[in-house]
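Open the model in your viewer and switch to a cartoon view. The tour goes from the sheet to the helices.

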Amino acid sequence: MSGIIKVSRNTENAPVSSVSTQSVAFSHYNNISAQLPVDPKTGELVTGGVEAQAAQCLNNIKAIVESIDHGMYDVVRVNVYLKNIMDYDVVSEVYASFFQNYLPTRTVLSVAALPMEGALVQMDAVISNGEGTHPQEPCDLIKLIRNTENAPLSSSSTQTVAFSHYNHISAQLPVDPKTGNIVVGGVKEQAAQCLKNIKAIMEGVDVPFDDIVKVNIHVRNLDDVEAINEAYTTFFPDSSIARTVGYMPARSVVVAEGLPMDALVQMDATVSHGDGTPPQEVEDRHGIVIRPNNTDKAPMDSLSTQTVAFSHYNNISAQLPIEPTNGEVVAVGAKEQAMQCLNNIKAIVESVDHVMDDIVKVNIQLRDMADLEAVNEVYPRYFEGALPARTVIGVSDIPMNALVQMDAIVSNGEGTPPQA
């Protein structure tokens with residue numbers, strides 16, 4: 001282990017939660033918990049509709065970011081969760097006012113529910129952390145912000161933002177970049193176009209497709225996943241080396257109530273970036289390898305790897321409440337299903353010689369937001385130290401008719417060494 005220390009911090013200038021930490025930094029990134037449109041002074045939702053609520057979410061993120069001596073220009077990625085996709089334009093207008101120098105990568109979807117009654121929007125973020133975390137020395141890493149005309153351009157986001165050893169790719173809709181329209185056909189054709197757009201962005205920055213470590217798929221209807229998978233498996237594995245080892249990125253599939261442009265599917269991705277960002281020394285930016293790992297102590301999936309490590313992070317695929325010995329969802333309530341999701345994550349984390357307190361971020365999807373209290377009852381038991389950053393959304397459906405699903409990002413202090 002390198003001895004890099006995870007730094008978990010809260011500020012009173014943003015809403016404080018008993019079940020998450022506002023900001024969890026490790027190495028060159030900070031992970032910001034989902035922010036609801038809550039005034040931290042009153043603990044109440046702000047009034048004034050979605051415009052005011054979007055501004056409050058961003059003000060809360062800004063307060064957290066500034067409390068750790070960063071600025072909004074350090075944000076590399078934002079996820080926006082709307083109650084109504086028709087609010088997209090209004091929220092985007094407010095959003096743009098918070099980013100003066102450049103726009104981060106972004107994913108937008110509408111969801112079935114948010115954790116607070118009356119909330120119309122929620123946002124989380126990832127920010128660059130150039131100073132690293134102790135005992136790393138400060139370094140002059142820079143963000144590389146790039147677009148290509150071979151993928152759809154957006155006035156609200158940058159296609160890819162690289163920092164340190166990762167590239168973050170904005171959610172790609174099934175849009176033909178030549179026409180600006182959704183492609184003709186069904187969900188299979190739309191899924192293929194999303195992946196073509198991701199591939200075009202990666203080719204624009206000279207990164208091979210198999211450098212993807214995590215894919216998030218947002219689908220309007222779970223019945224479409226089989227058709228999506230037909231397209232997906234024509235893109236992964238991509239190279240002969242990846243085909244030889246059967247490499248598949250970590251993956252999460254989440255049901256969206258609505259997507260921009262009324263699309264049936266959208267995808268975003270996290271990409272390894274072995275060259276880092278200048279001015280790193282050559283010896284610091286070459287030789288790091290992607291390290292995928294599966295364990296039979298957690299459910300396996302032919303379309304994803306349980307955990308994919310690169311540099312100082314492990315990316316864990318979405319875990320359903322499946323008992324790995326029989327492959328079936330545990331037949332009890334949300335509390336027990338949450339425990340099974342966390343048990344599966346724990347088994348994966350321990351299989352790569354880590355512990356639950358190495359987790360920096362957890363994402364939770366619930367079929368019924370009323371189950372959040374039951375989930376929160378068991379969730380803290382899995383952590384001994386400060387709780388990770390966290391995002392919770394309500395969805396109308398989850399694979400295998402489960403009540404809950406979770407994925408996670410784990411700090412990886414040893415990095416991933418070069419292969420012998």
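Start with the sheet in this predicted model. It is open and has 6 strands, with mixed pairing. Follow the order S1-S2-S3-S8-S6-S7.

Now select the edges: strand S1 (7-9) and strand S7 (105-110). Each has a single partner strand, so one side of each has no neighbour in the sheet. Look along the sheet for its twist, which averages 10 degrees from one strand to the next.

Zoom in on S1 and strand S2 (residues 23-26). The two run antiparallel and are joined by 3 bridges. Pick valine 7 there; its bridge partner in S2 is alanine 25.

Next, show helix H1, residues 49-67. H1 packs on the sheet and touches S2, strand S3 (29-35) and strand S8 (121-128). The direction of H1 makes about 30 degrees with that of S8.

Add helix H2, residues 88-96. H2 lies across strand S6 (75-82), S7 and S8. Against S7, H2 runs at about 150 degrees.

Keep both helices on screen. How do the axes of H1 and H2 cross? They come within 9 Å and cross at roughly 40 degrees. H1 and H2 are therefore oblique to each other. The crossing of H1 past H2 is right-handed.

Finally, show side chains where the helices meet. From H1, select Val50, Glu51, Ala54, Ala55 and Leu58. From H2, select Val90, Val91, Val94 and Tyr95, which those H1 residues meet. Colour this contact by residue class: 8 are nonpolar, none polar and 1 charged.

Technical notes
Residues are numbered from 1 along each chain as its sequence is written. This is a predicted model: local features need pLDDT of at least 70, side-chain atom pairs count only at pLDDT 80 or more; totals for chains, interfaces and linings use all residues. Side-chain values use heavy atoms; hydrogens and water are left out. Axes are lines fitted to C-alpha atoms, for helices over the stretch in contact, and angles run from 0 to 180 degrees between N-to-C directions. Helices (H or I, at least four residues) and strands (E, at least two) are DSSP runs, numbered from the N terminus. Angles under 35 degrees count as roughly parallel, over 145 as roughly antiparallel, 65 to 115 as roughly perpendicular and the rest as oblique. A crossing is left-handed if the near helix is turned anticlockwise from the far one by less than a right angle, and right-handed if clockwise. Contact means heavy atoms within 4.5 Å. Ala, Val, Leu, Ile, Met, Phe, Trp, Tyr, Cys and Pro count as nonpolar, Asp, Glu, Lys and Arg as charged, and the others, Gly among them, as polar. Two strands pair if DSSP finds at least two bridges between them.
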